[in-house]
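Please look over the sequence and the structure below. A short report on the chain follows.

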Amino acid sequence: MSSGLATRAHHADGATGGEPYAPYRLRAEMNGISEAPGKVWFFELAAAVVDSDRCVRCGACVAACPTDSIGVGPEDLPRLVKMCTGCSLCWDFCPRGGLAYETTWHGAVPSDAGPRATERAGEAEGPGLGTVVSVHSARVRAGEPERAARAQDGGVVTALLLAALDAGEIDGALVARADGSSMLRAEAHVATTREEILQSAGSFYNQTMALAALDLDRVDLGGSARIALVGTPCAIQGIRALRSREWPRGRSRVERVVLTVALFCSKSFDHRRLVLEELRDARGVDPSRIGRVDVAHGRLLVFDLGGAPLVDEPVSAFRGAALPGCDECADFTGRAADLSVGSVGSPDGWSSVIVRTDAGERALRRAAPSLEIGPVVSPADIERLDRRNRRVAESGLRRPLDPSGPMFLAFTGHVAAYEGTDRAPVWRGR
């Protein structure tokens, strides 16, 4: 399958030819058969993103594939599970590949926006916060069931999901839950009951390939099901971009996402590196004793099963466990979401809530009876961290951030920009 969408992508930097990048000439292995111009294969996405350790494990490539040819490997990384057709869509929608992720932000109108490009939403541009309808601090009222769950930072996300489910606005929610092998390691899960949502409360710090879990048939949700998506900014960028374009889909039902909640995020961690290498091996912390991990005020906090502190160090001390691709993201608050939620800017036990769209405003209004809501205490703290993230991203990206530029970037341009750096494509076996 080839598409006009993919063709535009490979000419976004002014490239004129259809020749694939020289170190990975698939056509040379095809007995001289000419290849259609402009194709990007999964193998090339793997070289540029996965094998170069830039993958942020959002799952957008899995959701984008129209032939369901991409799956999730044992290291929570995308891998090919059947023949790649070279449709280029995995590259186009990867926020570390062909997707100029900043064009998904509310208020951004990419220059190649098609007829279904998402419209401008919100009423004002808040400095450092993106498009904003309103900003609040909130927490669940005493006595509400969310308070008894594993909820962190006020339990607001859990309250939002329960209110939407009770009102019949959603049939389920794509969330992170403990994967069964460890309470510290998350997996993506579509929760369809109040009990499942409550059990999924709390924060995790490893990515889950969330968008790879949008096969709703697996949880017996029909074609008309509506779901909410809770995820990191990169997953929200991916779903917003995917929903802005149409093509024959595989099993992933991206069009059924009706509410998005972004979690403030400066970086995610590799579970093995964080828990086994940094905590167990480097600091002597027995993983079986760990009850909770949290990130607050720039510090990584680890508590035992009884709530006593085990580790309290700057997040920067765990840089070796972080996903390197996170350094290329300038989207700390999740500007593409309907709602953005995090602890920064609010007192302990409260969440900061940024409402960005009408859908987000309705969701907060539904949950209001179970919440205490007041003005955000320190928006300057949110803006400060947003600016820091942007500075880090601009130093790592090999292109300018341009919310009004083309949504899709050329593979050839990416290779040229990153060649010779520590994030250059890794051509395995080539």
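## Overall make-up

The chain contains 12 helices and 15 strands. The model is a predicted one. Of its 430 residues, 56% count as buried.

Contacts between residues at least 6 apart in sequence were also examined: 70% of them join residues at least 24 apart. The surface that the chain exposes comes to about 17,600 Å², and carbon and sulfur atoms supply 51% of that area.

## Cysteines and disulfides

The count of disulfides in this model is zero. Cys265 is in no disulfide, and the nearest cysteine sulfur to it belongs to Cys326, 5.7 Å away. Why is there no bond from Cys326 to Cys265? A disulfide requires two cysteine sulfur atoms within 2.5 Å. The sulfur of Cys326 has its closest cysteine sulfur in Cys265 at 5.7 Å, so the two are too far apart for a bond.

Both cysteines can also be described by their accessibility. Cys265 has a relative accessibility of 15% and therefore counts as buried. Cys326, with a relative accessible area of 10%, is buried.

## Surroundings of Gln237

Gln237 is part of helix α8, which covers residues 233-243. Is Gln237 buried or exposed? Its relative accessible area is 0%, so Gln237 is buried.

Which side chain makes a polar contact with the side chain of Gln237? The partner is the side chain of Asp331, at 2.9 Å. Leaving aside residues up to four places away in sequence, Gln237 touches several others, including Pro95, Leu99, Tyr101, Thr104 and Trp105. Cys329, Asp331 and Ala336 are also among the residues touched by Gln237.

Technical notes:
Residues numbered from 1 in each chain as written. Predicted model: local features only at pLDDT ≥ 70, side-chain atom pairs only at ≥ 80, totals over all residues. Heavy atoms only, no water. Helix = DSSP H or I, 4+ residues; strand = E, 2+ residues; numbered from the N terminus. Buried < 20%, exposed > 50% of the residue type's maximum accessible area, 1.4 Å probe, protein only. Contact = heavy atoms within 4.5 Å. Areas by Shrake-Rupley, 256 points an atom, 1.4 Å probe, with all protein chains shown as cover. Polar contact = N/O pair within 3.5 Å; in protein donor to acceptor, adjacent residues only side chain to side chain.
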